[in-house]
Amino acid sequence: MHHTNSSPKQQNIIGLALMAILSVLVILISEPAYASLHRMTRADLPKPSVELTDGVYTYEDPEADDSGFKNQISMTVFDGYITSVSWDCVGADGTSKRQLSLDGQYIMTEDGLLWAEQSDAVSSYVMDNQTLDGLMDESGYTQAVASVSINLYGFYNGVNDCIAQASK
């Protein structure tokens with residue numbers, strides 16, 4: 001017969017403490033591991049053309065377009081670099097082009113990228129290049145990002161506004 005000096009209550013406390021320590025270790029290890037596997041490091045990024053202050057910056061069109069949608073941009077700056085950009089177009093009723101496209105209710109072409117995928121692609125361009133330079137041509141479209149066919153005036157103006165906010 002095996003005897004133990006600790007009570008079941010002490011064993012539970014020890015088990016919970018071990019689980020807590022392991023959980024903290026997983027959290028501490030997972031973020032850098034994820035970043036190294038899925039994103040370039042800041043050392044790989046070009047330096048932004050202007051000095052940016054850390055924070056989250058947002059922009060929304062003052063008025064809706066002819067279809068009733070307003071561009072909404074959110075941009076995060078960390079360590080002086082643009083680390084996150086998101087773009088959506090939202091109607092007065094809260095309808096989101098991103099969600100509509102993901103749900104198959106907003107189809108631009110039968111064989112092209114969804115609106116949400118195109119939004120993500122141009123957002124990635126800004127994060128990867130740390131600038132809007134070279135993204136949009138005079139007509140408001142892009143040759144710089146493959147398979148993106150949406151007009152980028154709203155995105156460009158919104159990100160430009162966020163950069164201006166971050167550079168003050």
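Author: Helices (H or I, at least four residues) and strands (E, at least two) are DSSP runs, numbered from the N terminus. On that count, the protein has four helices and three strands. From the N terminus on, their order is α-β-β-β-α-α-α. This is a predicted model, in which local features need pLDDT of at least 70 and side-chain atom pairs count only at pLDDT 80 or more, while totals for chains, interfaces and linings use all residues. Residues are numbered from 1 along each chain as its sequence is written, and side-chain values use heavy atoms, with hydrogens and water left out.

Reader: How do you know which strands pair with β2?

Author: Two strands pair if DSSP finds at least two bridges between them. β1 and β2 have six, in the antiparallel sense. β2 and β3 are joined by 10, also antiparallel. Both pairs therefore meet the rule. Within these ladders, Glu-60 has Gln-72 in β2 as its bridge partner, and Val-77 stands opposite Ile-82 in β3.

Reader: What links β2 to β3?

Author: A hairpin with two residues between the strands. Asp-79 sits in the turn and has a positive phi of about 55°.

Reader: What makes the two faces of β2 unlike in burial?

Author: The side chains alternate. Phe-69, Asn-71, Ile-73, Met-75 and Val-77 point to one face and are buried (under 20% relative accessible area; exposed is over 50%, partly exposed in between; 1.4 Å probe, protein chains only). Lys-70, Gln-72, Ser-74, Thr-76 and Phe-78 point to the other face and are not buried. Across the protein, 30% of the 168 residues are buried.

Reader: How many residues does the largest nonpolar core have, and what makes it a core?

Author: It has 27. A nonpolar core is a set of buried Ala, Val, Leu, Ile, Met, Phe, Trp, Tyr and Cys residues joined through side-chain atoms within 4.5 Å. Met-75, Trp-87, Phe-155 and Val-159 have the most contacts inside this one. β1 (55-60), β2 (69-78), β3 (81-91), α3 (115-129) and α4 (153-166) each give two or more residues to it.

Reader: Which residues does Val-159 touch, leaving aside neighbours within four places in sequence?

Author: Ile-73, Met-75, Val-85, Val-126 and Leu-132 are in contact with Val-159 (heavy atoms within 4.5 Å). Over the protein, residues 24 or more positions apart account for 49% of the contacts with a separation of 6 or more.

Reader: Why is Gln-118 called buried?

Author: Its relative accessibility is 1%, so Gln-118 falls under the cut-off. The residue is in helix α3. Leaving aside neighbours within four places, Gln-118 contacts Met-108, Leu-113, Ser-147, Val-148, Ser-149 and Ile-150.

Reader: What makes Glu-60 and Lys-70 a salt bridge?

Author: The term needs a side-chain nitrogen of Lys or Arg within 4 Å of a carboxyl oxygen of Asp or Glu. The closest N and O atoms of Glu-60 and Lys-70 are 3.5 Å apart, so the pair counts. Glu-60 lies in β1 and Lys-70 in β2, so the pair ties together parts 10 residues apart in sequence. Each partner is partly exposed: Glu-60 at 40%, Lys-70 at 24%.

Reader: How many salt bridges does the structure hold?

Author: Two. Asp-120 pairs with Arg-98, the closest N and O atoms being 2.7 Å apart. Asp-120 lies in helix α3 and Arg-98 in helix α2 (residues 97-102), so parts 22 residues apart in sequence are tied together. Asp-120 is partly exposed, at 38%.

Reader: What is unusual about the phi of Gln-130?

Author: Most residues other than glycine have a negative phi. Gln-130 is not a glycine, yet its phi is positive, about 60°. Ser-147, also not a glycine, has a positive phi of about 70°. Gln-130 is in the loop between α3 and α4, and Ser-147 is in that loop too.

Reader: Buried or exposed: how do you class Gln-130 and Ser-147?

Author: Gln-130 has 2% relative accessibility and counts as buried. Ser-147 has 54% and is exposed.

Reader: Why is Val-24 called partly exposed?

Author: Its relative accessible area is 46%, so Val-24 lies between the two cut-offs. The residue is in helix α1 (residues 8-38).

Reader: What makes the nonpolar surface patch that includes Val-24?

Author: Ile-21, Leu-22, Val-24, Leu-25, Leu-28 and Ile-29 make it, at about 590 Å². Patch residues have over 30% relative accessible area and no salt bridge; like charges are joined within 9 Å, nonpolar side chains (Val, Leu, Ile, Met, Phe, Trp, Tyr) within 5 Å. The accessible surface of the protein comes to about 10800 Å² (Shrake-Rupley method, 1.4 Å probe; for residues, only the protein chains shown count as cover). Carbon and sulfur atoms hold 55% of that surface.
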